[in-house]
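Here are some notes for a colleague who is opening this structure for the first time. They are set out as numbered points, to be read with the structure in view.

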Amino acid sequence: MSDLSHGDTGGPHGGDADQAAVNALRSAVMRLGRRLKHQRVDESLSPTEMSVLGTLARSGSATPGELARREHVQPPSMTRIVALLEAKGLVRLEPHPDDRRQKVVSRTEQAEAMLEESRRKRNAWLTELADGLDEDEWEKLRAAAPVLEKLAHL
């Protein structure tokens, strides 16, 4: 029987305690993520549409192909998402500066305002939730935040 059958990932963190921590982290992140998704400002936008707007906010303008890669969706799906966002006045398409066959997707001021309101609402919800933590738990959360951020971008 191989070590992998016992949950060993082959990496430096494959022991039972590490696997239990990974399992707890996965479960907690998924639950928290689902709860955060319910703290939406605009119910007419899908989570994918919100994610695309968030990507544009973080990374700046991009072609639909670049957005598809970043969002892990097929290019035709991204074309539909961009068309929906454009119809809602949340993105605009402009000619690519170097390639006339391409378009560049940018968020509008309306999207920026909506994203800001969404961040405010979600931050307020998380702050209220975290008010139930004691000082030791808050300290652990402060220390864990950069690590979680790194994991989110790997």
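1. A residue counts as buried when its relative accessible area is under 20%, as exposed when that area is over 50%, and as partly exposed in between. Please keep in mind throughout that this is a predicted model.

2. With that cut-off in hand, D99 can be placed: this residue sits in the loop that joins β1 (91-95) to β2 (103-107), and because its relative accessibility is 18%, D99 counts as buried. The side chain of D99 also reaches the backbone nitrogen of R101, at a distance of 3.0 Å.

3. Turning to the helices, the axes of α2 (residues 47-59) and α4 (residues 75-87) come within 10 Å of each other and cross at roughly 85°, which means that α2 is roughly perpendicular to α4. On the α2 side the residues that meet the other helix are T48, E49, V52 and L53, while α4 contributes M78, I81, L84 and L85. By character, the residues of this contact divide into six nonpolar, one polar and one charged.

4. Which residues touch the most other members of the largest nonpolar core? They are L53, L67 and L85, in a core of 18 residues. The elements that give two or more residues to this core are α2, α3 (64-71), α4 and α5 (109-130).

5. L67 deserves a separate look, since its contacts can be followed one by one in the model. If neighbours within four places in sequence are left aside, L67 is in contact with V52, T55, L56, A62, M78, V82 and V105.

6. R70 is found in helix α3, and because its relative accessibility is 38%, R70 counts as partly exposed. Although R70 and V52 are 18 residues apart in sequence, their C-alpha atoms are 8.8 Å apart in space. Again leaving aside neighbours within four places in sequence, R70 is in contact with T55, S59, G60 and A62.

7. Is S118 buried or exposed? This residue, which is found in helix α5, has a relative accessibility of 4% and therefore counts as buried. Apart from neighbours within four places in sequence, S118 is in contact with V41 and M50.

Definitions and conventions:
Residues are numbered from 1 along each chain as its sequence is written. This is a predicted model: local features need pLDDT of at least 70, side-chain atom pairs count only at pLDDT 80 or more; totals for chains, interfaces and linings use all residues. Side-chain values use heavy atoms; hydrogens and water are left out. Axes are lines fitted to C-alpha atoms, for helices over the stretch in contact, and angles run from 0 to 180 degrees between N-to-C directions. Angles under 35 degrees count as roughly parallel, over 145 as roughly antiparallel, 65 to 115 as roughly perpendicular and the rest as oblique. Contact means heavy atoms within 4.5 Å. Ala, Val, Leu, Ile, Met, Phe, Trp, Tyr, Cys and Pro count as nonpolar, Asp, Glu, Lys and Arg as charged, and the others, Gly among them, as polar. A nonpolar core is a set of buried Ala, Val, Leu, Ile, Met, Phe, Trp, Tyr and Cys residues joined through side-chain atoms within 4.5 Å. Buried means under 20% relative accessible area, exposed over 50%, partly exposed in between (1.4 Å probe, protein chains only). A polar contact is a pair of N or O atoms within 3.5 Å; within protein, one must be able to donate a hydrogen and the other to accept it, and residues adjacent in sequence count only if both atoms are side-chain atoms.
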